[in-house]
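Subject: Structure handover

Hi,

Here is the structure I promised to pass on. Have a look at it first, and then read on for what turned up.

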2 protein chains.
Amino acid sequence: MPEPTHRFLRACLRLPTDRTPIWIMRQAGRYLPEYMATRKQAGDFLSLCKNPELATQVTMQPIDRFGLDAAILFSDILVVPEAMGMGLSFGTGEGPLLEPVINSASDLEKLHDPDPESELEYVMKTIRSIRRALDGRVPLIGFSGSPWTLATYMIEGGSSKTFSRIKGMMYDRPELLQALLDRLVAAVTNYLNAQIRHGVQAVQIFDTWGGVLGHDEFLRFSLESMRRIVAGLERIGPDGAKVPVILFAKGCGSHLEAMADSGCDVVGLDWTTDLARARVRVQGRVALQGNMDPAVLSASPERIRREAERVLTAYGPHPGHVFNLGHGITPDCTPDKVAGLVAAVQNFTFGSHAP
Amino acid sequence: MPEPTHRFLRACLRLPTDRTPIWIMRQAGRYLPEYMATRKQAGDFLSLCKNPELATQVTMQPIDRFGLDAAILFSDILVVPEAMGMGLSFGTGEGPLLEPVINSASDLEKLHDPDPESELEYVMKTIRSIRRALDGRVPLIGFSGSPWTLATYMIEGGSSKTFSRIKGMMYDRPELLQALLDRLVAAVTNYLNAQIRHGVQAVQIFDTWGGVLGHDEFLRFSLESMRRIVAGLERIGPDGAKVPVILFAKGCGSHLEAMADSGCDVVGLDWTTDLARARVRVQGRVALQGNMDPAVLSASPERIRREAERVLTAYGPHPGHVFNLGHGITPDCTPDKVAGLVAAVQNFTFGSHAP
């Protein structure tokens, strides 16, 4: 298999690069005025996700503006539960609402196993459209939520602070939760494989809520599902290139070794994990992605530069680092701060900065 | 110094006990109908905190109902910023509001260094009243918020999701943040020493928001302030007994070794840290408190019992374990679930249960 040339893909596969690649979770988002304009044109967030032309526009905006090293498909993790038959809406300022919630075996039976080629066709169209727009400039990342994270929304009906419904099910009816997770493993595997067939060049699985679990529960109810998905992915894209898989689990720094053994190529870290120690802990088994605190972007340009250099220096001059924030960029950020961050990463060279 | 007789105090000092003691964070709270009745009588939450007679009532309610092994002063961490001169209110369902927020050196100058004997006299009255009501049945725990955690509320003006204001200050004006932390170190040290003089037999420092920091920032901006407080405490109470200090920092499992070196007697853990490994990591330097997921209380009685036994077994038959939840009990809990949990801990004996 030929080695990839794009520095993002090379870093994912722990191959040497000319500099550390950078992309940013939620790089296409509310902090960008051009995003807000396109979103207004679309009407609302979900309509934007389902409009291949406009979703392509917002995917391209941060690439055009900042020269980032990867684009990421503009979509939402909850389009999968929607394609399985759940009602999905985004209340103003309230986060997502899914209904009816899953609370029994008969609720589960009503769920549908979606064919991504038809029922998520708009995503596939968007992927092809973005690839045309990118025209080989940088690779395109596809994504999905993890089964555990998707299950939290499907069982809680939306965001939660306490996760009492899904945890109640986990403790008292683990077989029901497992049955839902099994359905999601199949749906997500099919969905990501379709994304790969239509042109994404890497995939990221977001386990946003794995961090609310204890260690044993994380292994059993979150990581195991992700491991099965990774095992079921077509890791070679239609162009014959290897498709790296990134696992990002927020608040899961203490489960790092287990994540590194999941079969993925890259583990994404939030900012509470020390990157230097994380590199030692994974012992070269995976690349690492991250992990600057998004809150640094509210600091001064000088401070942003120093923090970026601190993260780069923490990983050190070894292959296998993809620079990113430790979580999505927040809407109160401003584009000039992001420009400063990207420049800091792009201009950094090892040896010229104090550790 | 004579050894304490109460099993909670003995466990804090890693002395052998007849069984593992249990208390529960927020054991006096909204899940108890008798609490709701007393709170209604008081008018609102803050009035309840400031009424020594009613605060004593609610402190005693879970002791009377469940036979827990320690009582904890009914109060709120934000009475300290209020005593420093900030306006404090609790909006309905919105969490606390503090104003005006701290954003400059002149804001800081306007803060007052409170004399706890006069400006927090109602707390001292409550402590004496609770000690009379307890009449030696179980020890009384006093508490305070950590300087970092109090500073988040004082700088953000209330709860926050992103902590962008305090983190902006931490990155760009660390000397200003440090000056506020210094004021809080003094205020909290004075406050806890006054609590000890008036009769609390152990103290817990709650670092609710230390977990939003990276490792280096946690050490510098949160743990160091707590270390200075611990060093400044009068560790011998008026009765000549040692007063154990508990540090509880949510989401800080990866900083455990550093916390164990802070001079405290007990480290409180949330449920995301494996208790067996945590015990090995602290190497007998401190006792451990925790760490059942509060969400287990939404499960069946049988499952609650099994999870309690799993936590007890994870620590094992060694001195130095205080059973607790990994965070406060949630309002949607019911008293019968708590009764089942307490019974499970009280009836547990090592050797009779599978690990």
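**What I found**

In chain B, helix α11 (residues 174-198) lies across β4 (140-145) and β5 (202-207), and its direction is about 170° to that of β4(B). Before I go on, please bear in mind that this is a predicted model.

**The sheet in chain B**

The sheet behind that helix is an open one of 7 strands, paired in parallel, and its order is β1-β4-β5-β6-β7-β8-β9 (chain B). At its edges you will find β1 (71-72) and β9 (321-325) of chain B, each of which pairs on one side only. Further along, strand β7 (residues 266-268) of chain B runs parallel to strand β8 (residues 287-292) of chain B, and 3 bridges join them. If you want a spot to zoom in on, G268(B) sits opposite Q289(B) in β8(B).

**The sheet in chain A**

Chain A has an open sheet of 7 strands too, with parallel pairing and the order β1-β4-β5-β6-β7-β8-β9 (chain A). Here β1 (71-72) and β9 (321-325) of chain A are at the edges with a single partner strand each, so one side of each has no neighbour in the sheet. Strands β4 (residues 140-145) and β5 (residues 202-207) of chain A run parallel and are joined by 5 bridges. Within that pair, G142(A) stands opposite V203(A) in β5(A).

Which strands does helix α11 (residues 174-198) of chain A touch as it packs on the sheet? They are β4 and β5 of chain A, and the helix direction makes about 170° with that of β4(A). Helix α15(A) packs on the sheet as well, touching β8 (287-292) and β9 of chain A, with its direction at about 155° to that of β8(A).

**A helix pair worth a look**

Next, go to helix α4 (residues 52-66) and helix α8 (residues 121-134) of chain A, which pack at an angle of about 45° with their axes 9 Å apart. That angle is why α4(A) counts as oblique to α8(A). The crossing of α4(A) and α8(A) is right-handed. On the α4(A) side the contact is made by P52(A), E53(A), A55(A), T56(A), T59(A) and M60(A). From α8(A) come Y122(A), K125(A), T126(A), S129(A), I130(A) and A133(A). Sorted by class, the contact of α4(A) with α8(A) has 6 nonpolar, 4 polar and 2 charged residues.

**How the two chains meet**

How many residues of chain A are in contact with chain B? There are 27, and they meet 27 residues of chain B. On the side of chain A that touches chain B, α10 (164-172) and α15 (301-315) of chain A each supply at least two residues. The largest share of that side is the 5 residues from α10(A). By class, the residues of the side of chain A that touches chain B are 6 nonpolar, 14 polar and 7 charged.

What about the symmetry? A turn of 180° and a shift of 0.0 Å along the axis lay chain A on chain B with an RMSD of 0.0 Å. That is the relation of a two-fold axis. The C-alpha of S254(A) is the nearest to the axis in chain A, at 3.4 Å from it. Both copies use the same surface, as 100% of the contact residues of chain A recur in chain B.

Cheers

Methods: Residues numbered from 1 in each chain as written. Chains lettered and ligands numbered in written order. Predicted model: local features only at pLDDT ≥ 70, side-chain atom pairs only at ≥ 80, totals over all residues. Least-squares fit on C-alpha atoms with pLDDT ≥ 70 in both. Contact = placed C-beta atoms within 7 Å. Axes fitted to C-alpha atoms, helices over the stretch in contact; angles between N-to-C directions. Helix = DSSP H or I, 4+ residues; strand = E, 2+ residues; numbered from the N terminus. Parallel < 35°, antiparallel > 145°, perpendicular 65-115°, else oblique. Left-handed = near helix turned anticlockwise from the far one by under 90°. Nonpolar A, V, L, I, M, F, W, Y, C, P; charged D, E, K, R; others polar. Pairing = 2+ DSSP bridges.
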